[in-house]
Protein chains: 2
Amino acid sequence: MTKGTLYGLGVGPGDPELITLKAHRLLISAPVLAYPAPEHGDSLARSIVASHLSGKQTEIAIRMPLDLNRFPVEAVYDQAAIDIAEHLDAGRDVAAICEGDPFFYGSFMYLFGRLADRHEVVVVPGVSSLVACPAAAGAPLAARDDTLLVCPGIMDEALMRERLANVEAAAIIKVGRHLDKVRRVLTELDLVERAHYVEHATMADQVVLPFSEIEAAKAPYFSMVLIHRRGEAWR
Amino acid sequence: MTKGTLYGLGVGPGDPELITLKAHRLLISAPVLAYPAPEHGDSLARSIVASHLSGKQTEIAIRMPLDLNRFPVEAVYDQAAIDIAEHLDAGRDVAAICEGDPFFYGSFMYLFGRLADRHEVVVVPGVSSLVACPAAAGAPLAARDDTLLVCPGIMDEALMRERLANVEAAAIIKVGRHLDKVRRVLTELDLVERAHYVEHATMADQVVLPFSEIEAAKAPYFSMVLIHRRGEAWR
């Protein structure tokens, strides 16, 4: 019997129309759909594609426990890989979806690492938040011979200051509770006026503001600060 | 009269199916299509979407002269902006397409810089080469708290060595004639075995190889070297 293929589909940043034709085609034709989800409640990735679904697919929700000390993420993906492999071995294709792009800080890579050596895996790239946020902000990310740094908000403060001092363009992702730290770094580097803030890009609750207008100490997890040293990348 | 809207559409890395549903919808409904093109011959961006076109649109080819000293790129975009503004002022929407994403080293931002202050502009993000190359290579780009550096091949050699020494993940874009330099840097940093080479990702002439198997001194312009310090981003 021919084994099934595991499709890793990037479904884009939130707007259901920002899925590619290819991911859409594979999404609706696979008999099995797998997606990351919180311990309780709805999956963001599934909600992005919900309007495209027939409701006739077998669904595998990969639920992340709130208490990762009690039940580590590795164990969750080990079990998910076993569940998915059963379908693949039985000849059924599985569409595993994730927000944004599968390989840009995406959850799909943990399935990839567990299944790619024994199963056929096809990865379909998606629109990542790294390009969705600049489009939402009307702020080009990088141009010409710019060096671009992508760093997570959790990065050490001194290190963040050092690294940002040396690049033309930067995106600080997963800002979350690190917003105050980011503000201190940008202030010290005199980059506050060159920075945009975006949360939940392309979603119904999208927020886009000049960074200087952000007063909160915390941001959501899905937030990003975009910085360009020239102010406008095309100059 | 209602003025037209300028749509900046990222059409993805090359596979015509890697355009988003949104860009596809706006592409086929705009009465005017604009795209970058070489001085002579076909436009890559137009060729990516050619199978989607009706042939009934007014087309504006923004042709880049080979000799940019004789006729600078700024003058080309100044004229293109004038041509596009005429259509917008007459109430016609214009779809300006570019390979990959409009704001990730994309040509669209030069139109954006000339037109966004006086016209309605909507930017639709696309699948950039930055995520298409890792998908093609089966090599996740970045995960967890990785810092990711994107730098152009033209970067100074000492600087490239210094910057690559400090990040978990990196993508060297527009490798072109700088392949030998990239090889020296990766060799000195003992990263050759951690690097993938991709050219023309998702196109008919796609090449994917471990970097260690590349022997040429030069690469095409549309090529990328992907590096991950842990070897595999999900570990």
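Modeller: Contact means heavy atoms within 4.5 Å. This is a predicted model: local features need pLDDT of at least 70, side-chain atom pairs count only at pLDDT 80 or more, and totals for chains, interfaces and linings use all residues. Residues are numbered from 1 along each chain as its sequence is written, chains are lettered from A and ligands numbered from 1 in the order written, and side-chain values use heavy atoms, without hydrogens and water.

Colleague: What percentage of the interface residues of chain A are also interface residues in chain B?

Modeller: Start with the contacts: 55 residues of chain A touch 55 residues of chain B. The copies meet through the same surface, because the shared part of chain A's interface residues is 100%.

Colleague: As by what axis are the two copies related?

Modeller: Copies are superposed by least squares on the C-alpha atoms of residues with pLDDT of at least 70 in both. Chain A goes onto chain B by a rotation of 180 degrees, with 0.0 Å of shift along the axis and an RMSD of 0.0 Å. The copies are therefore related as by a two-fold rotation axis.

Colleague: In chain A, which residue has the C-alpha nearest the axis?

Modeller: That C-alpha is 1.9 Å from the axis. The residue is A:Thr20.

Colleague: Take Thr20 in the other chain. Is B:Thr20 buried or exposed?

Modeller: B:Thr20 sits in the loop between β1 and α1 of chain B. Leaving aside neighbours within four places in sequence, B:Thr20 contacts A:Glu17, A:Leu18, A:Ile19, A:Thr20, A:Val127, B:Val124 and B:Pro125. Buried means under 20% relative accessible area, exposed over 50%, partly exposed in between (1.4 Å probe, protein chains only). At 1%, B:Thr20 is buried.

Colleague: Which residue has its backbone nitrogen 3.0 Å from a polar atom of the B:Thr20 side chain?

Modeller: A polar contact is a pair of N or O atoms within 3.5 Å; within protein, one must be able to donate a hydrogen and the other to accept it, and residues adjacent in sequence count only if both atoms are side-chain atoms. The side chain of B:Thr20 has such a partner at 3.0 Å, the backbone nitrogen of B:Ala23.

Colleague: How much area do chain A and chain B bury between them?

Modeller: Buried area is the accessible area (1.4 Å probe) that two parts lose on being put together, summed over both. Carbon and sulfur atoms carry 64% of it here. The total is about 4,500 Å².

Colleague: How many salt bridges are there between chain A and chain B?

Modeller: A salt bridge is a side-chain nitrogen of Lys or Arg within 4 Å of a carboxyl oxygen of Asp or Glu. One such pair is A:Asp15 with B:Lys22, at 3.5 Å from N to O. The count between the chains is 4.

Colleague: Is strand β1 of chain B enclosed, and how many of its residues are buried?

Modeller: Helices (H or I, at least four residues) and strands (E, at least two) are DSSP runs, numbered from the N terminus. In β1(B), B:Thr5, B:Tyr7 and B:Leu9 point one way, while B:Leu6, B:Gly8 and B:Gly10 point the other way. The strand is largely enclosed by the rest of the structure, because the buried count is 6 of the 6.

Colleague: In β4(B), which residue stands opposite B:Gly8?

Modeller: Two strands pair if DSSP finds at least two bridges between them. β1(B) runs parallel to β5(B), with 5 bridges, and B:Tyr7 has B:Val122 as its partner there. β1(B) and β4(B) also pair in the parallel sense, over 5 bridges. Opposite B:Gly8 in β4(B) is B:Ala96.

Colleague: What is the relative accessibility of B:Leu26?

Modeller: B:Leu26 lies in helix α1 of chain B. Beyond residues up to four places away in sequence, B:Leu26 touches B:Tyr7, B:Leu9, B:Ala95 and B:Val124. B:Leu26 counts as buried, because its relative accessibility is 7%.

Colleague: How many residues apart are B:Asp89 and B:Lys3?

Modeller: Their side chains meet in a salt bridge, 2.9 Å from N to O. B:Asp89 is in helix α3 and B:Lys3 in the segment before β1, so named in chain B, and the separation is 86 residues.
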